Each structure stands twice: as structure tokens, then as C-alpha cells.
Amino acid sequence: MGSSFHERVLQASIESGRLGSDRPLAAFLDTHRVARTIDALKSAFPSHFEHMFAAKANTMRRALERVKSLGMGCEVASPGELEQALRCGFTPREIVFDEPAKTMSVLKKVQETGVNLNIDNFQEFSRVVKLRDAARRDADIGFRINPQVGAGKIGAMSTATQSSKFGVALEDDGNREEIIRLYRDNPWLNSLHTHVGSQGCSQELMVAGVRKVTALAEEINAALGRHQVGVIDIGGGLPVNFSSDEDKPTFAEYAQALEAEIPVLFSGKYRVKTEFGRSVMAKSGFIASRVEYTKVSGGRCIAISHAGAQVATRTIFMPEYWKIRISAFGPDGAAKSGEPVEQDIAGPLCFAGDMAGTGRQLPLIEPGDYVVLHDTGAYYFSNPFFYNALPAPAVYGAEPGQDGSMQLDCWRRQQSMDDMLAVIG
């Protein structure tokens with residue numbers, strides 16, 4: 001998605017009034033790039049791999065409908081995500097439910113509808129057993145395992161540490177033996193799940209977690225003398241390169257690393273599920289904001305835009321881990337040129353840390369220009385932060401038409417003031 005694509009989207013949006021002084025903020029998703037990314041994912045793995053899109057990365061209805069049309073299932077981690085997936089047409093067999101704090105009512109719904117279930121802990125298992133009489137018998141059900149292989153560079157994104165809140169800690173005293181006993185006593189347990197984390201986790205760490213859980217599946221089946229565990233869910237978590245437009249690491253590289261270390265996953269012995277989210281959507285999306293004012297303060301050039309923590313929450317509060325690229329465009333949507341000047345890109349919110357980027361080398365930005373925040377297709381569009389009671393921006397699917405025009409399809413209209421205030425209460 002080069003600069004020409006951004007220019008064409010911005011120009012079409014400005015000309016049509018989707019961006020301007022009265023609509024200074026909008027988000028866009030390159031739907032063709034999403035399709036190419038999913039094609040690359042499916043091409044990287046054998047056909048017995050089933051790919052679930054992690055809905056938390058982009059829970060919007062149109063986003064989920066898009067990935068479903070391209071052949072993905074859906075991994076959900078809350079009652080709201082589950083309901084959205086069902087409304088988007090995913091069948092129960094195409095959904096995996098992973099919430100850590102499942103209530104009795106949601107467990108009942110999951111089992112009655114036949115949604116695939118990853119059980120987080122032994123207490124939750126006791127609840128599942130109580131509801132088995134009402135359960136559909138064709139769902140994949142098993143434990144989420146914490147392989148305890150360590151943390152990546154971002155602690156908040158690492159889910160396989162010694163004391164992670166997720167899953168059954170495999171190496172804690174007695175847990176391995178208890179897991180094997182429960183599978184022996186409950187033949188309907190047919191799957192295992194793991195996920196070591198996402199951004200900041202190395203490929204080696206991800207492979208190590210999958211290797212330990214695959215070995216556990218082999219151990220359970222050997223101990224039971226039957227092929228009871230037939231499904232291994234290896235989670236997602238492939239990191240995204242935020243420093244350039246390049247897709248790296250690739251799905252093919254990850255698949256090659258898995259096959260080299262865990263060849264049984266590629267033999268067809270197990271059905272294997274994945275749960276990629278960020279790596280499917282992130283690089284296809286961007287946020288565009290009009291610059292309202294510019295100033296020099298203490299010798300620093302500052303551009304005040306409409307894109308702050310309300311749309312880029314992780315970037316604002318953890319800039320050292322979620323630094324994203326920013327580009328500058330003129331009032332007509334054309335990419336700006338000129339000698340780079342060190343500038344801060346500020347958001348509109350009423351706290352000093354609301355900075356989308358600091359010390360960025362860009363052509364001098366002026367009022368009426370636009371800034372683009374790149375690689376925001378995941379974890380930016382569908383979870384707005386209502387600080388200062390700002391409405392969520394419009395989101396558009398963008399793709400070139402056959403006649404050379406840029407087609408903009410409204411995925412979500414700009415939130416009205418009344419709708420936003422109703423959410424706040």
C-alpha cells in the first residue's frame with residue numbers, strides 16, 4: 001500500500017466531503033490488501049489448518065464479514081464478540097470461544113449452540129461438566145494450556161509467562177497429571193489450545209510454546225492408548241512490522257519454522273487451528289486526520305491534529321512499543337514534499353501526553369494539511385476511547401474501481417453526538 005494509494009484515497013475522500021473541515025478524521029481499510037494477506041496465510045499452511053480471525057483485532061461487522069467471505073473462521077473472547085460473530089454469519093463450528101472469565105450463562109450458550117470452546121482453568125471445567133447435558137456433541141472442546149516458555153519484549157502482550165493469567169500452567173505441581181486424568185475420564189475433551197502472546201514475541205518463543213503443547217497432545221494420546229486429542233489450536237500472535245510497509249515476518253516464514261521444529265503438525269495427524277488477528281488486518285489500514293493548527297513551543301514545531309488517544313490508544317499510552325509511521329499530505333491529498341523538519345504530531349485530547357508522534361522528520365506541516373497514521377487496521381478502528389467525549393470516526397473500505405476511480409464503501413458512519421453520549425450514559 002504505497003503513497004499513491006494513500007493519495008488516491010485522501011483525494012477521493014476530500015472531493016466527496018468524507019474528509020474536510022467538518023469531518024476532520026476518518027479511517028480506511030485497503031480491502032484488496034486484506035484479501036492478499038489472507039491468501040498468503042492460507043497458502044503458507046496445508047489444508048488441514050483452519051484459520052480463525054481474532055475478532056478483538058477488529059470487531060466491526062464489515063471487517064468480520066470480509067474475513068468470513070475470504071474463508072476464515074472467527075476466534076472470540078467475550079459475549080459481545082461471540083454475538084457479533086454469530087450475527088455476521090459464522091456457524092458455531094467456525095467459531096472458537098476463548099474468554100478468560102466465562103460466566104455460567106455464556107458457557108451455557110456456547111455449549112447449546114455448539115461453539116468450539118477453550119477452557120481456561122480447572123474451576124471453569126467444573127462448570128462445563130455441569131452443563132454437559134445441554135451441550136452439542138460436535139464441538140471441539142479442550143483446555144487452554146500455558147506452556148510457561150517466558151515473555152517477549154512487551155510484558156502486557158506476553159501470555160505464556162510463569163504467572164500468566166491465561167490457561168492452565170503446565171509446569172506447576174500436579175497440573176500435567178491432572179490434565180491427563182481429566183482427558184482420560186472425559187473422552188469428549190478432544191483439543192488443546194495455546195497462545196504465547198503477540199507483538200513483541202519472537203518466532204522462537206512462539207514455536208517453543210506450540211512445541212510444548214503438541215508434545216502434551218502426544219503424551220495424552222499415548223497415556224490413553226487412543227487418539228483422543230485430535231485438534232491443536234496454536235493461537236496467533238504473528239508480530240507486525242510497524243517500521244515500514246513490508247510484511248515481515250511472513251506467514252510462510254512462521255510455517256517453515258513450525259514445520260522444522262514440529263513436523264507432526266504438518267503430517268495431517270491433527271486438525272490445527274490458528275488465531276491470527278493483527279497480522280491479518282494491521283497493515284491494510286490507516287487513519288487520516290486534518291491538521292487544525294500548528295505552533296512553535298520552546299523551539300519545537302507542533303502540529304495539532306484530530307487523531308489522538310481516542311483512536312490510537314495503545315500508541316499514545318505505550319509509545320515505546322506501539323510507535324507507528326506518520327506521513328504528511330497537503331490540503332488536496334497530495335503527499336507533501338520539501339526539506340524534513342523535526343515535528344511533534346499532537347492529538348486533540350486534553351492531556352499533555354496525547355501525542356501520536358514526537359520528533360518526526362516530515363515536510364513542514366501547515367494548517368489544513370493531513371497526517372496519516374499507518375498500519376492501524378487492527379486494534380485501532382473498533383475500540384474507540386471516549387476520552388473528552390469525542391465521537392468515533394467513520395471507517396471506509398477502500399479499493400480501486402475498474403474505471404480507475406477509488407471506491408469508498410462506508411463500513412461505519414461517523415458516530416453522532418447523540419449516539420456517543422448515549423454510550424457514555
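**Cavities, a pocket and some buried residues**

Good morning, everyone; I begin with enclosed spaces, and by the rule used here the count comes to 2 cavities of 30 Å³ or more. A cavity, on a 1 Å grid over the protein atoms alone, is a set of points where a 1.4 Å probe fits but cannot get out, while a pocket is an open set with protein on both sides within 12 Å along at least five of seven lines, and lining residues have an atom within 4 Å of a point. Grid points are joined across faces, edges and corners, and a volume is the space filled by probe spheres set on those points. Please keep in mind that this is a predicted model, in which local features need pLDDT of at least 70 and side-chain atom pairs count only at pLDDT 80 or more, whereas totals for chains, interfaces and linings use all residues. Residues are numbered from 1 along each chain as its sequence is written, and side-chain values use heavy atoms, with hydrogens and water left out.

The largest cavity holds about 40 Å³ of space, and the residues that line it are V96, N116, L117, N118, D140, S191, V231, D233 and K273. Two elements, β5 (116-119) and β9 (231-233), give two or more residues to that lining, and β5 gives the most, with 3 residues. Such element names come from DSSP runs, numbered from the N terminus, where helices are H or I with at least four residues and strands are E with at least two. By class, the lining of the largest cavity has 3 nonpolar, 3 polar and 3 charged residues; here Ala, Val, Leu, Ile, Met, Phe, Trp, Tyr, Cys and Pro count as nonpolar, Asp, Glu, Lys and Arg as charged, and the others, Gly among them, as polar.

The second largest cavity also has about 40 Å³ of space, and F242, R278, A282, R314, W322, D375, A378, Y379 and Y380 line it. Its lining divides into 6 nonpolar, no polar and 3 charged residues.

Let me stay with Y379, which is found in the loop between β16 (370-374) and β17 (394-400) and which has a positive phi of about 65° although it is not a glycine. Is Y379 buried or exposed? Y379 counts as buried because its relative accessibility is 13%, and buried means under 20% relative accessible area, exposed over 50%, and partly exposed in between, with a 1.4 Å probe and protein chains only. In the loop between β16 and β17 we also find A389, whose phi, near 55°, is a positive value in a residue other than glycine, but A389 counts as partly exposed, at 29% relative accessibility.

Now to the second largest pocket, which has a volume of about 240 Å³. Of the 19 residues that line this pocket, the closest to its centre are T37, D247, P249, F251 and S279. Helices α2 (31-44), α9 (251-261) and α10 (278-281) each supply at least two residues of the lining, and the largest share, 5 residues, comes from α2. The lining of this pocket divides into 8 nonpolar, 4 polar and 7 charged residues. P249 deserves a second look, since a cis peptide bond joins K248 and P249, with omega about -5°, and P249 has its place in the loop between β9 and α9.

I turn next to strand β6 (residues 141-146), which is largely enclosed by the rest of the structure, because 6 of its 6 residues are buried. Strands β5 and β6 pair in the parallel sense over 3 bridges, where pairing requires that DSSP finds at least two bridges between two strands. F143 in β6 is the bridge partner of I119.

Two single residues remain. Q111 lies in helix α5 (residues 104-113) and is buried, with a relative accessible area of 4%. A polar atom of the Q111 side chain lies 3.2 Å from the backbone oxygen of V128. Not counting residues up to four places away in sequence, Q111 touches V128, L131, R132, A134, A135, R136 and I141, where contact means heavy atoms within 4.5 Å.

Finally, I345 is found in strand β14 (residues 340-346) and counts as buried, at 0% relative accessibility. Which residues is I345 in contact with, leaving aside its neighbours within four places in sequence? They are A303, S305, I326, M355, A356, G357, L362, I365 and V371. I345 and A307, although 38 residues apart in sequence, are 8.9 Å apart in space, C-alpha to C-alpha.

Definitions and conventions. Polar contact = N/O pair within 3.5 Å; in protein donor to acceptor, adjacent residues only side chain to side chain.
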